[in-house]
Amino acid sequence: MNKPVLTIVVPCFNEEEVLPDTSIQLSNLLNNLIDDALVSKGSTILFVDDGSKDLTWEIIEIECEKRPFVKGLKLAKNVGHQNALIAGLETASKQSDCVISIDADLQDDINAIPSFIEKYWEGFEIVYGVRGSRETDTYFKRTTALGFYRFMNRIGIKLVPNHADFRLMSNRALMELFKYQETNLFLRGLVPLVGFKSTKIYYDRKERTAGESKYPLKKMLAFAFDGITSFSVAPIRLVTLIGFLALVISLIAGGYALIQELLGHTVSGWTSLIVSIWFVGGLQLMGIGIIGEYIGKIYQEVKRRPRYAIEKDLYSSHVKEQHQK
Ligand code: UDP
Ligand code: MG
């Protein structure tokens, strides 16, 4: 096998504080990989600026000048982590044999990357980075994440537990991934659907070196909800089930009330009336809400809006230059 051209794709949103360090660390790593003859000399690091409001893009430009391996892609506006990632993957795939995605904050251990490449050499097309320990995450984040994976598994969405978007994919696997043209991207759910020979590498997740998490609770909940409703109709089924149970209960209660009435034990009936109105009303609202969520998804999907727009591309131009030489 020839040495593969590797591109490390790094989505960045307001990451001015961590970027210089990330750039140095990844460059050193890539240097070592090239020295160890694990990847080809044409390998690069691609920073994708996801419409940052701070100096992220300026820093990427400076790093591009300073370091030969570093390349940049500037998106026209903020489109979110998943879309920024697919933008980077699509751009990188044009000129790479394999692509590794990693977050800009380097919470995922870059020292796991050489093992990713070794697995690629062994013939694996997808290598999932899996967090062996999450001690540096808050207790809250750990328990909610665990609950999330369990729940997803329960309703039939097979995720790789404790795997975020730190993974290697071969070009072949990427090409298959790109065929999934959905607007609501949830890559962690999609990649396992692609298939191919895959494996896991365990590593320890570290503290964010600088800057703040771009995933506050609100975004995390939205992400989890998206993940569920993009992959499963289980919530709608659950609502149907609850509705059916409610119907059975109200029939029994109704029968009981009727018997009481016939026996002459007239009860005021006010309490049960109010309770059932609220109960059924609540159920209906819940059901409508969940159905609405799916209809919203369908609406977004049928519009087929583009997932991102590229404003500046310092990656493909570098590739063209190399070809001209
Ligand atoms: N990110 C992005 N666009 C966004 C939000 C985040 O490209 O709208 C990037 C961010 O720069 C980082 C990665 O996605 O590289 C993961 O974000 P973060 O580290 O804040 O999430 P956490 O690790 O806390 O889940
Ligand atoms: Mg992070």
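This dialogue walks through the sheet, the helix packing and the ligand shell of a predicted model.

Me: What should I know about the numbering and the cut-offs of this model?
Reply: Residues count from 1 along each chain as its sequence is written, chains are lettered from A, and ligands are numbered from 1 in the order written. The model is predicted, so local features need pLDDT of at least 70 and side-chain atom pairs count only at pLDDT 80 or more, while totals for chains, interfaces and linings use all residues.

Me: In what order do the strands of the sheet run?
Reply: Strands of a sheet pair through backbone hydrogen bonds, either parallel or antiparallel. Here, eight strands form an open sheet, ordered β7-β5-β6-β4-β1-β2-β3-β8, with mixed pairing. Strands are DSSP runs of E, at least two residues; helices are runs of H or I, at least four; both are numbered from the N terminus. Two strands pair if DSSP finds at least two bridges between them.

Me: Which strands stand at the edges?
Reply: β7 and β8 (310-313) do. Each has a single partner strand, so one side of each is left without a neighbour in the sheet. On average, neighbouring strands are turned by 20° against each other, direction ignored.

Me: How do β5 and β6 pair, parallel or antiparallel?
Reply: Antiparallel: β5 (residues 126-133) and β6 (residues 167-170) share three bridges. Look for tyrosine 128, opposite arginine 167 in β6. β5 also pairs with β7 (residues 198-204), in the parallel sense over seven bridges. There, glycine 129 stands opposite isoleucine 201.

Me: And how many bridges join β1 and β4?
Reply: Four, in the parallel sense; β4 covers residues 98-101. Valine 9 faces serine 101 in β4.

Me: Which strands does α2 touch?
Reply: Contact is judged by C-beta atoms, placed from the backbone, lying within 7 Å. α2 packs on the sheet and touches β1, β2 (44-49) and β3 (70-75). Its direction makes about 150° with that of β3. Axes are lines fitted to C-alpha atoms, for helices over the stretch in contact, and angles run from 0 to 180 degrees between N-to-C directions. Helix α4 (residues 113-121) lies across β1, β4, β5, β6 and β7, at about 165° to β7.

Me: At what angle do α1 and α2 pack?
Reply: About 30°, for α1 (residues 19-35) and α2 (residues 56-66), with axes 10 Å apart. That makes α1 roughly parallel to α2, a term for angles under 35 degrees. From α1, Leu19, Pro20 and Ser23 make the contact; from α2, Thr56, Ile59, Ile60 and Glu63 do.

Me: Which residues join α6 and α7?
Reply: α6 (residues 171-178) and α7 (residues 187-194) pack at about 115°, with axes 9 Å apart. Ala173, Glu176 and Leu177 of α6 meet Leu190, Val191 and Val194 of α7.

Me: Which residues come nearest to ligand 1?
Reply: A residue is near a molecule if its C-beta atom, placed from the backbone, lies within 6 Å of it. Of the 16 residues around ligand 1, Pro11, Phe13, Ala104, Ser213 and Lys214 come nearest. β1 (6-12) and α3 (81-93) each supply at least two residues of the shell.

Conventions: Parallel < 35°, antiparallel > 145°, perpendicular 65-115°, else oblique. Contact = placed C-beta atoms within 7 Å.
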